[in-house]
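How do two chains meet, and how is a sheet that they share put together? The report below takes up these two topics in turn.

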Amino acid sequence: MMRKILSLAWLNAVQLVRNPAEVVGVIVLPLALTMLFGSAFAAGQASDIRVLFVDEDDTTYSAQVGELIDAEESLRIEDATRVDAETEIAAGDAGVAVLVPRGFADALERGSATIEVMRNPNSQNGFAIVSVVQGIATRMSGNAAAARVVAATPALKADFDDVYQTADAKWSPRPPVYAEASQVVASEVRGDSVIAEGTTQSSIGFTVWFILFMTFGSAGGILEEREQGTLRRLMVAPVSRTTILTGKVVGTVLAATVQALILVLVGAFGFGVPWGNDPLAVVMVLGAYILAGTGLAVMVSALVRTRDQMSGLSPLVSTALAMVGGCMWPLEIVSPFMQTAAKLTPTGWAVMGLTDVVFRNQGVEAAMVPTLVLLGFAGVMLGIGVKMLKFE
Amino acid sequence: MRNLFTIAAKDTRIMVRDRAALLVMLAMPLGLIFILGSALGNLGEGDSLDAEVAIVNQDAGETGERFVDGLTSAEEIDAVFNIHVREDADEVRTDVERGDLTAALIIPEDLTERITRGEPAPLEVLQDPGSAVTAGVWAAVVRAGVAQASAQIVAGHTLAEALAAPPSAGPPPGADASGASAGVSHGYPGEAQELELDAVRVTELEVELEKQVSMISYYAAAMSGMFLLFGGMFGAFSFVRERREQTLARMISTPSSTAVIVGGKALGVMLIGALQFLVLLVGTRMLFQVDWGADVLAVVLVGFAEVLAAAGLAMALAALGKTERAIGGIAPAFIMLFAALGGAMIPAEQLPSWLLPAQVFSPVYWTIDSFLQLMQGGALVDVAPNIGAVAAIGIALLGFGAWRVRYE
């Protein structure tokens with residue numbers, strides 16, 4: 001019986017390899033998308049956030065505002081006029097503009113300067129950028145406060161600009177109080193670990209998403225065989241229905257395992273994703289997920305009539321599950337309702353499990369619950385699929 | 001010409017008869033628009049992240065206490081974060097490692113002491129790598145708080161030095177850097193004697209925004225751009241099936257030219273696409289109140305151009321793939337790359353800049369851009385170049401398909 005199962009699984013592999021386009025679709029595409037989305041979500045690493053900067057005062061002080069924004073990690077200023085800034089913000093082409101009005105330097109000396117901010121309420125980064133500008137205003141206010149007191153004391157014969165510069169120099173190289181932010185991973189308890197790069201979210205997401213393409217494509221082969229009549233021929237051979245189905249499931253699991261292995265290895269060595277933090281935990285979550293993905297594909301195969309329907313449905317179902325499960329963007333940014341919805345999908349549990357294991361380096365213990373839930377998904381869906389699948 | 005319409009009508013009839021496939025093509029996009037609108041709808045609306053963060057104050061002096069008060073009493077911060085004041089730094093670190101907390105602020109035990117000594121004092125912000133976006137916002141909030149403290153200290157020290165020094169000279173060696181001799185405070189946030197740090201204020205200007213496109217409207221435009229192309233995949237299936245079942249060969253043996261056959265098949269895809277677009281348009285309007293704009297003709301023409309691109313894609317796919325299975329592999333790859341490039345998954349401006357020139361090859365990009373312009377009040381004249389670009393891509397794909405496709 002084992003030999004028959006393996007022969008059927010092998011047949012599945014041959015069918016797959018005969019379709020290089022499919023292989024390219026399930027391996028090259030996720031890697032390309034990992035690269036694209038990795039850059040988009042690599043906070044502060046690849047694409048700095050554009051801040052429009054309008055300098056109407058054209059003085060050392062107004063320029064300092066721009067310099068300090070530009071020096072901020074992940075922000076990049078782009079010079080603009082007031083009119084351009086208004087137009088871009090109004091149209092939603094830019095999120096935030098910072099404007100230093102004419103007379104800023106004089107007003108600073110008098111203690112009543114203003115930095116103006118225009119913000120599009122739909123901008124995701126508005127809050128963070130305004131915080132940065134507020135910090136800059138505070139710094140300049142502190143410098144100016146001291147400079148004004150000193151300059152106003154005739155006995156000291158000091159110039160506002162000089163005292164301001166003396167005060168400002170105290171912010172370098174380190175201000176008196178500063179915040180050091182760092183991502184923490186469980187390195188002390190779990191040995192070496194690598195801080196995850198921006199591509200990690202994408203690598204996890206697209207691996208999870210495209211495993212579904214593979215299981216759908218592979219399990220859908222059974223519909224092709226049914227349409228071509230080869231399944232009927234197989235039925236007259238001394239092979240039980242259970243053996244045929246087991247062979248198909250094993251073939252699908254093997255194909256998805258090879259695909260996952262390639263995606264993980266390229267992610268690890270090509271994009272520096274810390275997939276290797278705890279291989280056993282990764283194997284547990286991904287293995288259970290592949291079984292769940294196979295179960296889902298067999299179930300959908302049982303619900304549709306033709307291979308065409310399966311091919312049409314597969315990108316739609318897998319894309320919907322990928323979106324809900326957090327494969328395309330981090331679950332932390334979606335609404336609480338959708339965070340709960342993610343827990344109803346196998347993709348969601350795979351992403352949550354892999355986030356714990358790969359991002360947070362939490363090891364086997366953290367992989368247990370997602371693995372068990374995914375195995376539950378696999379059992380239920382495979383059960384429904386096997387029961388409902390028609391061979392003729 | 002009659003033959004062309006006969007072939008188109010036949011293909012449309014076959015497709016419409018397959019109720020399940022039709023349901024998938026029509027209902028799934030609406031489902032996905034709903035998912036996307038619900039998933040991402042709260043972004044930017046008040047920045048309400050509701051993230052769990054903690055503060056551990058280990059400072060033996062008073063400064064830490066003032067930091068905690070400053071952060072926990074600000075309404076704007078409270079709207080974004082649920083702040084827990086905790087005692088055990090190790091426990092908090094473990095919670096951040098596990099992702100139970102998004103981020104934390106650890107105030108060191110020697111904070112006040114260091115400030116008094118005039119040494120730079122670091123505060124530690126711990127961030128969960130699995131929640132980089134929210135944790136980054138927390139770091140920005142903490143940085144704004146420390147800027148306040150630093151500004152007070154810098155001002156205090158500068159004053160102390162200036163007042164202690166002889167005119168026009170640097171501070172004498174051993175000058176009291178703490179500011180105590182100058183009668184100014186140490187500059188901790190909230191301290192009674194602190195300097196007024198209001199020489200520079202930040203004011204927000206009201207901008208009269210153009211008509212805003214809600215998240216669900218954005219994704220209605222995006223998903224329409226993407227899903228209309230999926231019609232092309234079904235068209236390619238139909239072509240390949242007819243090739244396999246030899247009905248295509250039979251058609252070739254009739255007096256109909258290959259141009260008529262290709263044209264008829266393409267028209268069939270377009271008719272189904274038009275139906276799909278109609279359902280998307282009416283469905284999103286009725287179910288999700290998506291406002292597609294006042295220029296209905298322009299909206300229809302943009303949809304028509306995208307449907308033409310889908311027909312072109314159908315023929316190109318039929319030329320590239322020998323079997324349904326092969327097309328089932330290539331088509332999603334093409335469509336999703338077009339969609340990703342065009343901004344159907346994440347807004348196009350978030351893509352890396354080196355990739356932006358490639359967007360011109362994506363019909364999804366031109367389509368989404370057109371729909372968004374129309375939703376914001378644009379008219380046909382604004383989107384005419386985009387319609388031209390999508391139609392050109394469609395014709396190019398159709399030309400490639402007609403040139404390379406095999407009929408037997």
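What follows describes the interface of the two chains and then the sheet.

This is a predicted model, in which local features need pLDDT of at least 70 and side-chain atom pairs count only at pLDDT 80 or more, while totals for chains, interfaces and linings use all residues. Residues are numbered from 1 along each chain as its sequence is written, chains are lettered from A in the order in which they are written, and side-chain values use heavy atoms, with hydrogens and water left out.

**The interface**

Chain A and chain B each bring 109 residues to the contact, where contact means heavy atoms within 4.5 Å. Between them the chains bury about 9,500 Å², with 66% of it on carbon and sulfur atoms; buried area is the accessible area (1.4 Å probe) that two parts lose on being put together, summed over both.

The interface holds 3 salt bridges, a salt bridge being a side-chain nitrogen of Lys or Arg within 4 Å of a carboxyl oxygen of Asp or Glu. One of them joins B:E161 to A:K170, with the closest N and O atoms 2.8 Å apart. On the side of chain A that touches chain B, helix α6 (residues 126-151) of chain A gives the most, with 19 residues; helices (H or I, at least four residues) and strands (E, at least two) are DSSP runs, numbered from the N terminus. By class, that side of chain A has 60 nonpolar, 31 polar and 18 charged residues, where Ala, Val, Leu, Ile, Met, Phe, Trp, Tyr, Cys and Pro count as nonpolar, Asp, Glu, Lys and Arg as charged, and the others, Gly among them, as polar.

**The sheet**

An open sheet with mixed pairing is formed by 5 strands in the order β2(A)-β1(A)-β3(A)-β4(A)-β5(B); two strands pair if DSSP finds at least two bridges between them. Its edge strands are β2 (75-79) of chain A and β5 of chain B, each of which pairs on one side only. Two of the pairings are set out here.

| Strands | Sense | Bridges |
|---|---|---|
| β4 (residues 113-119) of chain A and β5 (residues 200-205) of chain B | parallel | 6 bridges |
| β1 (residues 49-55) of chain A and β3 (residues 96-100) of chain A | parallel | 4 bridges |

Within these pairings, A:M118 has B:L205 in β5(B) as its bridge partner, and A:L52 stands opposite A:A97 in β3(A).
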